[in-house]
Amino acid sequence: MTYRIDKVGIVGAGTMGGGIAAHLANIGIPVVLLDIVPPNLTDAEKNDPAARNRIINSLYDRMTKARPANLARADRGDLITLGNLEDDFDKLADCDWIIEVIIEQLAPKQALMERLEAIRKPTAIVSSNTSGIPIGQIAAGRSSEFKAHFLGTHFFNPPRYLKLLEIIPTDDTAKDVTDFMKQFGSEVLGKGVVVCKDTPNFIGNRFFAVASSYGLEHALQNGYSIAEVDAITGPTIGRPKTATYRLLDLVGLDVMAHVNNNLYDAVPHDAYREMLRPEKTSVLMTAMLEKKWLGNKVGQGFYKQERVNGAREFWTLNPQTMEYEPSPKVRFDSVGAVRNIGDLGERVRKLLTFDDRAANYIRDLLYFGFAYAAYVAPEIAYKLSDVDDAMRWGFSHEAGPFEMWDMLGVAETAAKMETAGLTVAPWVKEMLEAGHESFYKTNGARQVYDFNTKSYGSAVVDKNIILVSDLHAAGKTVEHNESASLLDMGDGVALFEFHAKMNAIDQDIIDMAFKALERLDNDFDALVIGNNGEHFCAGANLFAVGVAAASGHFDALDKMIKALQTATFKLRHAPKPVVTAPHQMALGGGVEMAMAGWEAAADHETYMGLVEFGVGLIPAGGGCKEVIRRKVNPTMRTANADVLPPLQEAFEQIALAKVGTSAWEARSLGYLTMQDTIVMNSDHRLAKAKARALQLVAAGVRPPEVEKVYAAGRDALFALKLGVRSLNWGGYASEHDAKVAGKLAYVLTGGDISAPAWVDPWYILDLEREAFLSLLGEEKTRERMMHMLQTGKPLRN
């Protein structure tokens, strides 16, 4: 059977239901979102639609105000139709997918399935988002046809941001339904999909609950402070900055306690289940729950925000005194020694050669995790790689437990685990005894050990994923320097990759841009600009620019900035297709690089903004010119149009350093266009960019023409300057802000020209470069730059 999902119904509008609805609406899929009618309505309210929808409206309002934002832009909420389960249930009848997200109790879920069976259309897929109730039990009593279209779809919170989607088919789920949902989850929802066995808490939460509980108890038993644990369980071992206790504050202590208690009752057979109720952790958690210190949602948990002399500080809880104390600076020799090692495996291997408190804690934490992963994997997963995928996608770990175990050496580590008193799963010992030394190996293609067949099988390969590391490993590097590379993606397409720190633009990246243009002209049919780094490009290298300015090397800076302008200009107007592939942060010069192509294929989580104003500068890599071209030019092609509204919008966008918090917002700001592709699955971004480049080649599309740019002239300049001066007089802008804003206004209006005119783009480019250099000569600008480098925050002076 062929399935399509053009409309989705969601029953239950709480945190998860509302978040799933928002994610679907972000994609452009209409959603019907229902919740219960309020109990105990008065007789008058029983016939009042507003009263009957009070709960759903309140929950929807909460969803729209949540931070981080659920909706990629406010108007996506228009795709969500609200209703209640008594008056609007029939609105689910034409939905292609109906998701249950109601209270975690079996009886209400089963009752809902009975109602859904009576109204769903034959092809509709029904799923549950439960995390604690067996999926098969929820559909008990339903027809075989209903069961064939029923499965679990477990999203992680918040659904917009967390990549993992666990799909849990039952024995009755039709294979084509499971296959379709896997594909839909990956390609449309943009998720990393893991198919799980129908076991308590599935894969991600089952492993995390037990492993994290061990980490908490081990810390308390051995006298580690909260600050110490968080200092060593974050990026040092390939985990997020939230580390351990910050993550629990984010999740909520009540949520953690609920998950652990439910899981404890559900897994009486699990040899590790007592770790869910450890002695010291249970005492601490009980005390914190009684005090309602639940974490971020109430303003205090393991951390509490305090104001000290007007400054914000985060204090940590002392579990012995139950008082909050200033967080000390935590330093360990082991962590300091490995801080600058980029490769995770090399970093952790070296760290574990030390014998200090940090190394000992990490060693115990990892070894326990390895032991439990090997013990539980055959029960919860069809293959061990699913456990690794779940931890990477659901918890943002750089590597899952089996991948990390491989990095440390399976046999060597297993021996150390047994010496430490841990049990190594029998199947791991069998694997080693059979001469298999690792869980993963590469033999032409990546293979993974199968604990069922006791042999290696081919790892599932998503052909839409292009890993830059694989291109390097395969010898596809065409050009290389310290900050950038040019690689052969195949099929006549080259990849211009940044790999500097934060992918900040420096002279090496500019030089590689010209190399890319040269090789594109002679050796390739198309070019993609993108990378697999944490961010696309965080802007210019402020340190290098600041040092050069402080040293008075303005001629060199002028040369470098003009080279950047030339590079972005030539890339945009290259004779062959250039497709940029921005993701995550694209700020300042990163925006200018993202706009320096024929088209873009952007990750839906791309945060774009020309933010130079925050350090006392204005865009100078073509940003001012492009904003005029994209925002002012279209309006001024209409006869008798008023230039001030689009010009004011362009001015405020740069002066306020506005950042789009999604690709859709970046499109509304003009940094992306309607022709640009928004990619839901960031792992597919480079492949989509390559495919689009090849489509442009095949279609014989001509390069973008060089457009003249509308310069509004002296009257518009005075209007903008008057607005700036009013803000300055009112105390809303400092003298230096006013100076920077005046420079920006001068550039955006075309400088001191007496009347509006269409000018060559290089006229604006020269103005923005001159303004940038003059601002660099200001002492207050350099102060702002150094403050930003030291604190990561803008300085107003």
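**Exercise 1. Is E306 buried, partly exposed or exposed, and what is its relative accessibility?**

Some ground rules come before the solution. This is a predicted model, where local features need pLDDT of at least 70, side-chain atom pairs count only at pLDDT 80 or more, and totals for chains, interfaces and linings use all residues. Residues are numbered from 1 along each chain as its sequence is written, and side-chain values use heavy atoms, with hydrogens and water left out.

Solution.
- Step 1. Set the classes: buried is under 20% relative accessible area, exposed is over 50%, and partly exposed lies in between (1.4 Å probe, protein chains only).
- Step 2. E306 has 22% relative accessibility, so E306 is partly exposed.
- Step 3. Turn to the partner. E306 and K304 form a side-chain salt bridge at 3.8 Å, N to O. The criterion is a side-chain nitrogen of Lys or Arg within 4 Å of a carboxyl oxygen of Asp or Glu.
- Step 4. K304 has 25% relative accessibility and therefore counts as partly exposed.

**Exercise 2. Find the parts of the chain that the D491–K690 salt bridge ties together.**

Solution.
- Step 1. Take the distance: the side chains of D491 and K690 meet at 2.9 Å, N to O.
- Step 2. Place the ends. D491 sits in the loop between strand 16 (484–490) and strand 17 (493–498), while K690 belongs to helix 28 (residues 685–698), so the pair links parts 199 residues apart in sequence. Helices (H or I, at least four residues) and strands (E, at least two) are DSSP runs, numbered from the N terminus.
- Step 3. Check accessibility. D491 is exposed at 59% relative accessible area. K690 is buried at 11%.

**Exercise 3. Trace the salt-bridge network that contains E626 and R629.**

Solution.
- Step 1. Start with the pair: E626 and R629 form a salt bridge at 2.9 Å, N to O.
- Step 2. Use the helix. E626 and R629 are three residues apart in helix 25, which means about one helical turn between them. Both E626 and R629 are buried.
- Step 3. Extend through shared partners. One network joins K625, E626, R629, R630, R637 and E707.
- Step 4. Set the scale: the structure holds 48 salt bridges.

**Exercise 4. Describe the largest cavity and the second largest cavity.**

Solution.
- Step 1. Fix the method. On a 1 Å grid over the protein atoms alone, a cavity is a set of points where a 1.4 Å probe fits but cannot get out; a pocket is an open set with protein on both sides within 12 Å along at least five of seven lines; lining residues have an atom within 4 Å of a point. Grid points are joined across faces, edges and corners, and a volume is the space filled by probe spheres set on the points.
- Step 2. Count: there are four cavities of 30 Å³ or more.
- Step 3. Take the largest cavity, at about 380 Å³. Its lining has 27 residues, and F208, A211, R239, L365 and H397 are the closest to its centre. Helix 8 gives the most to this lining, six residues.
- Step 4. Sort that lining by class: 18 nonpolar, eight polar and one charged. Here Ala, Val, Leu, Ile, Met, Phe, Trp, Tyr, Cys and Pro are nonpolar, Asp, Glu, Lys and Arg are charged, and the others, Gly among them, are polar.
- Step 5. Take the second largest cavity, at about 80 Å³. Its lining residues include R572, K625 and E626. Helix 23 supplies the largest share, four residues. The classes are three nonpolar, five polar and four charged.

**Exercise 5. Characterise the second largest pocket.**

Solution.
- Step 1. Its volume is about 400 Å³.
- Step 2. Of its 26 lining residues, R572, R629, R630, T673 and Q675 are the closest to its centre.
- Step 3. Helix 25 contributes the most, five residues.
- Step 4. The lining divides into 11 nonpolar, five polar and 10 charged residues.

**Exercise 6. Explain why C537 forms no disulfide.**

Solution.
- Step 1. Apply the cut-off: a disulfide is a pair of cysteine sulfur atoms within 2.5 Å.
- Step 2. The closest cysteine sulfur to that of C537 is in C624, at 17 Å, so a bond is out of reach.
- Step 3. Add the setting: C537 is buried, because its relative accessibility is 0%.
- Step 4. Check the total: the structure holds zero disulfides.
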